[in-house]
Amino acid sequence: MTNQVKIMDVSKVSIFRDIQIDIGRALDVDLSSGDDNVCRHLDSLKMSTKGIPDLRSNSELMLTIENHILSLLSIVNIKGYKSMQFPANVRILESKRESSNTLNMSEYRTTLLHCDSWSGAPQDTLNIFLGIFVIPGAPWLQMFHTFPENHPAYSFVGPYSEAPYVESELIEVPVPVQAGTLVFWPTQTPHKTEQGLSVDGLWRISLDIRLRKANPYEDMDELNEEKFSSTKMNSLGVYWSLPDHGFKSLPEKILKEREILSHLPSVANIAREKYLEKYYD
Ligand SMILES: [Fe+2]
């Protein structure tokens, strides 16, 4: 377990290379084939009728990534967690993208400084970020020291602009702008997406995923359906039991989860079945 931001370079770890290859394959480009080549390919995907694909709908890829992440967790010695988000997020961002999109004025946009707990992530979550491909000047991650437990921002929940902190108290933790940078931090850690240079065509691909210390069905008494399955990616149902091995197929993953649930109260079973019905039918 960790109570501060940790940064590691896993660019030389073979699992990192495997993740890079798998994501590249799904995007139909070799991510090690040169920056210009990759950026041109991403530009052309953006201009195509389908646009940049949402890789989270590719369940085969998501299961492969889950498997790789499990291996990576054991290599970097992250222990003590019982739940893991599924699927991971794969973000493909271009410099200038958000500044040219004046419509995104959400109170929860990631370019505002925030802790994920402020927008409702459980207090026991650990965030994991892995840089997969990046051109300097592309949008990147800006991290600061985790708030101490007695700080009012530690347990705050609400719009990012109303969070109780002052800028001068933040201490930056520089995140190297390179593929293979692995960052993990407790959810009470302030961070934001740096927009990057205001020129087009500087791309970043990254993967992020959250772990929870609790199992996905803890506190089920208080848990209502709304909290478990109101959205696919931002409800408690996005956390599944941390697998001890990877799965070959989605049915296999669902079967394993049902097996675990068979020993748990019916309220947990009902919540998971509703989540499955909504997003995996
Ligand atoms: Fe965040």
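Two strands count as paired here if DSSP finds at least two bridges between them. Keep that in mind as we walk through this predicted model, starting with one strand and then moving out to the domains.

Take strand β5, residues 140-144. On one side of the story is strand β8 (residues 191-194), which pairs with β5 in the antiparallel sense over 4 bridges. If you want a residue to look for, try M143: its opposite number in β8 is H191. Then there's strand β6, residues 172-173, also antiparallel to β5 and joined to it by 2 bridges. M143 turns up again here, standing opposite V173 in β6. So which residues does M143 stand opposite? H191 in β8, and V173 in β6.

How enclosed is β5? Counting a residue as buried if 20 or more other C-beta atoms lie within 10 Å of its own, 4 of the 5 residues of β5 are buried, so the strand is largely enclosed by the rest of the structure.

Now zoom out. The protein splits into domain 1 (6-214) and domain 2 (216-281), and their centres, taken over C-alpha atoms, are 24 Å apart. Where they meet, 13 residues of domain 1 are in contact with 12 residues of domain 2. On the domain 1 side, α3 (59-75) and β2 (83-85) each supply at least two of the touching residues. α3 gives the most, with 5 residues. As for chemistry, that side of domain 1 divides into 6 nonpolar, 4 polar and 3 charged residues.

Note on methods: Residues are numbered from 1 along each chain as its sequence is written. This is a predicted model: local features need pLDDT of at least 70, side-chain atom pairs count only at pLDDT 80 or more; totals for chains, interfaces and linings use all residues. A residue is buried if 20 or more other C-beta atoms lie within 10 Å of its own, exposed if 12 or fewer, and partly exposed in between; C-beta atoms are placed from the backbone. Domain bounds come from an automatic or database domain assignment. Two residues are in contact if their C-beta atoms, placed from the backbone, lie within 7 Å. Ala, Val, Leu, Ile, Met, Phe, Trp, Tyr, Cys and Pro count as nonpolar, Asp, Glu, Lys and Arg as charged, and the others, Gly among them, as polar.
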